[in-house]
Amino acid sequence: MFPFEIDEASDVPLWVQLRNRIAYLINDGYFKPGDKLPTVRGLASEISINYNTVNKAYLSLVSDGYLESTRGRGVFVTDMAAQEGGEGRAEVEAVLDECIASCREMGMDYDDIEHAMSRKIKRLKHEEARERGEVAARIIDFEKSAARTAKEA
């Protein structure tokens, strides 16, 4: 039995739920490099979801390097640690994928997500530098500052 349950209360699309679950199972070691996954049709039947939903999840995982599909042989788990030169890389990718999917659900486009993430990282770097006593000033977000100035005018 494939370990997956649909979260009916979630706003996350079903194919993303499945994709994230498979990525988690790979990162967690449930599926090992070289393991053969169920066929698209087989998994769709087993967990009672549409064939196209499973196919979309598999295609996304192939695109991200988690899976390798060989015509006539099936879908296999890739050895991401060997491919990317380090353990944990796949886990980072899965976390980032979840974060991006959540932001997209909130209506953000990729540029907005990139900008928000960049601002957040700058703030965190600044806070760490301030804690080390290397910086005494604050980061000024010029976009917000310009918006405030425009409102006041």
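This report walks through a small sheet, the helix that lies across it, and a few ring contacts. Please keep in mind that the structure is a predicted model.

**The sheet**

Let's start with the strands. Three of them form an open sheet in the order 1-3-2, and the pairing is antiparallel. Strand 1 (36–37) and strand 2 (67–70) each have a single partner strand and stand at the edges, so each has one side without a neighbour in the sheet. As general background, the strands of a sheet pair through backbone hydrogen bonds, in either a parallel or an antiparallel arrangement.

Strand 3 covers residues 74–77 and pairs with strand 1 in the antiparallel sense over two bridges. If you look along this pairing, you will find Lys 36 opposite Phe 76 of strand 3. On the pairing of strand 2 with strand 3, also antiparallel, there are four bridges. Here Thr 70 has Gly 74 of strand 3 as its bridge partner.

Strand 2 and strand 3 form a hairpin with three residues between the strands. What is notable about the backbone of Gly 72 in this hairpin? Gly 72 takes a positive phi, near 85°.

**The helix across the sheet**

Helix 3, made of residues 51–63, lies across strand 1, strand 2 and strand 3. With respect to strand 2, helix 3 runs at about 110°.

One residue to pick out in helix 3 is Ser 60. Is Ser 60 buried or exposed? Its relative accessibility is 16%, so Ser 60 counts as buried, the cut-off for that class being under 20%. Setting aside neighbours within four places in sequence, Ser 60 is in contact with Trp 15 and Arg 19.

**Rings and their partners**

The structure holds one aromatic pair. Tyr 30 and Phe 31 form this pair, and its geometry is edge-to-face, with 5.0 Å centre to centre and 85° between the planes. The two residues fall into separate accessibility classes: Tyr 30, at 47% relative accessibility, counts as partly exposed, whereas Phe 31, at 10%, counts as buried.

There are also arginines placed over the faces of tyrosine rings, as listed here.

| Arginine | Ring below | Distance to ring centre |
|---|---|---|
| Arg 41 | Tyr 51 | 4.4 Å |
| Arg 104 | Tyr 110 | 4.3 Å |

For a quick tour in your viewer, you could begin at the three-stranded sheet, move on to helix 3 and Ser 60, and then visit the pair of Tyr 30 and Phe 31.

How values were computed:
Residues numbered from 1 in each chain as written. Predicted model: local features only at pLDDT ≥ 70, side-chain atom pairs only at ≥ 80, totals over all residues. Heavy atoms only, no water. Pairing = 2+ DSSP bridges. Contact = heavy atoms within 4.5 Å. Axes fitted to C-alpha atoms, helices over the stretch in contact; angles between N-to-C directions. Buried < 20%, exposed > 50% of the residue type's maximum accessible area, 1.4 Å probe, protein only. Phe/Tyr/Trp six-rings, centres within 6.5 Å; stacked < 30°, edge-to-face > 60°. Lys NZ or Arg CZ within 6 Å of the ring centre and 35° of its normal.
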